[in-house]
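Subject: Structure for you to look through

Dear colleague,

I am handing over the structure we spoke about, and below it you will find an account of what turned up in it. Please keep the structure open while you read, so that you can find each residue as it is named.

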Amino acid sequence: MVKYLDDYEKLNIVELYEETFHDDEEYCKFFYDRVIPKSEILVDMDETKKINSMITVIPKDVTLYKNNAKAVYLYGVATKSELRKKGIMSELLRRCIVDCSNKENVFVYLIPDSNENADYYKKFGFEYVMDRKIGKREEKIKKPSHTILQRHANKTDAVRLSIFAQNNLKNNYGVFLTRTKEYYEYMCDFIKVEQGSIEILSKDKIILGYRILVEDDIFEEIMEESIRQYSVLDSKTEPYAMARIANVSKFMEYVSTKETGRVVIKLKDELIKENNGTFAWNFSASSKRWAKTDKIPDIEINIADFTAYLLGYKKYKNLPELNIGAGFYINDYL
């Protein structure tokens, strides 16, 4: 049976979660206490109500083309080892993606932990939309000058971190997790569980940058150009986040282009019938119209490639250039 767990049933996932992910006790406690209550959990269970497979569906507030929008992060995707490769997870993913579309979430995203898993998710319309810079904290890192103060953040910094990050990301990215005061209060708690820290760089009490560290790994670094020389990140990148547009019509309400014109697109989406078909897209910087048509298409594209295009990861010569800055930026944690 496939169903979303009621609140009183949610902790029934503990056995499968810990069997699959082997996280330490403090991390698991944070997940159970702080993440599960705000999330939906879609499961397949047997007649004894034993959970065979699960997906944790975490709601996220995102900034999309400088507008507020809703998306979901798929986390804790797991199936009992003896039941894998029997199509159970495939059924869950299809149900989850369709439900997310019906609830007008603009996209769904996840962080694959292997190339094998990434290839599996591509079968459901997911595609890489973000590469992450690699960063290690080493002794050779240049220390700030006497005018730049470096210190660890705490919850009293949440408002200023929010204002700094939201403005910086709006100027540099088209799509990112909305940085609220609550986001940084939550991150302070989570980073403590991970035995990491948030380092703030400031001058005259004005935040100029910060980085999030867990052990020696840099999970996130956002800095003003004026202090870029203190960056810890390497120029090397690796594929990181995958996404899939869930509700194309809703997503297209936010899209802005650098050109004005019209293109007819034949879009292939095997899971969501509302996304599947031929559409006329009348586009400009300030207005847009997306509607089904019987016109001959100028381009044929599948939902995975269209997702990578709309999130700024790929370009296509027959599609207009987007006003999306540097594209998609989501370094997720939980």
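**Pockets**

About 560 Å³ of space lies in the second largest pocket, and before going further please keep in mind that this is a predicted model. The second largest pocket is lined by 29 residues, and those nearest its centre are Lys133, Tyr173, Glu221, Leu233 and Tyr329. At least two lining residues come from each of β6, α5 (158–172), β11 (217–223), β12 and β17 (328–329), and the largest share, six residues, is supplied by β11. Sorted by character, the lining of the second largest pocket has 14 nonpolar, seven polar and eight charged residues.

The largest pocket has a volume of about 1,400 Å³, and 43 residues line it, with Phe21, Val77, Asp113, Asn117 and Tyr121 lying nearest its centre. The elements that contribute two or more residues to this lining are α1 (14–21), β4 (67–79), α3 (88–102), α4 (115–122), β6 (127–135) and β12 (233–245). Of these, β4 gives the largest share, namely seven residues. The lining of the largest pocket divides into 22 nonpolar, eight polar and 13 charged residues.

**Aromatic rings**

The count of aromatic pairs in the model comes to 30. One of them joins Tyr27 and Phe190, whose rings meet edge-to-face, with 5.8 Å from centre to centre and 65° between the planes. Tyr27 belongs to helix α2 (residues 25–35) and Phe190 to helix α6 (residues 181–193), so this pair ties together parts that are 163 residues apart in sequence. Both partners are hidden from the surroundings in the sense used here: Tyr27 is buried, with a relative accessible area of 8%, and Phe190 is buried too, with a relative accessible area of 3%.

Ring pairs also link a cluster made up of Tyr17, Phe21, Phe31, Tyr32, Tyr73, Tyr75, Phe107, Tyr109 and Phe328. Phe21, which is in this cluster, is also among the residues that lie nearest the centre of the largest pocket. Another member of the cluster, Tyr75, lies in strand β4 and is buried, with a relative accessible area of 13%. If you would like to trace a contact across the sequence, Tyr75 and Ile41 are 34 residues apart in sequence, while their C-alpha atoms are 9.7 Å apart in space.

In two further places a lysine lies over the face of a tyrosine ring: Lys38 is over Tyr186, at 4.4 Å from the ring centre, and Lys103 is over Tyr4, at 5.1 Å from the ring centre.

**Cysteines**

How many disulfides does a search of the whole structure find? The search finds zero. As a reminder, a disulfide is a covalent bond between the sulfur atoms of two cysteines. Cys96 is a useful case to work through, because the closest cysteine sulfur, in Cys100, is 4.2 Å from its own sulfur, which is too far for a bond; the cut-off applied is 2.5 Å. Seen from the other side, Cys100 is likewise in no disulfide, with the sulfur of Cys96 as its nearest cysteine sulfur, 4.2 Å away. Cys96 counts as buried at 0% relative accessibility, and Cys100 counts as buried at 5%.

**Two backbone angles to look at**

Most residues other than glycine have a negative phi. Against that background, please look at Lys49, which has a positive phi of about 70° although it is not a glycine. Lys49 is found in the loop between β2 (40–45) and β3 (51–64), and is Lys49 buried or exposed? At 55% relative accessibility, Lys49 counts as exposed, since the cut-off for that word is over 50%.

Lys66 also has a positive phi of about 70° without being a glycine. Its place is in the loop between β3 and β4, and Lys66 is exposed, with a relative accessible area of 59%.

With best wishes

Conventions: Residues numbered from 1 in each chain as written. Predicted model: local features only at pLDDT ≥ 70, side-chain atom pairs only at ≥ 80, totals over all residues. Heavy atoms only, no water. Phe/Tyr/Trp six-rings, centres within 6.5 Å; stacked < 30°, edge-to-face > 60°. Helix = DSSP H or I, 4+ residues; strand = E, 2+ residues; numbered from the N terminus. Buried < 20%, exposed > 50% of the residue type's maximum accessible area, 1.4 Å probe, protein only. Lys NZ or Arg CZ within 6 Å of the ring centre and 35° of its normal. 1 Å grid on protein atoms, 1.4 Å probe; cavity = no way out; pocket = protein on both sides within 12 Å on 5 of 7 lines; lining within 4 Å. Points joined across faces, edges and corners; volume = space filled by probe spheres on them. Nonpolar A, V, L, I, M, F, W, Y, C, P; charged D, E, K, R; others polar.
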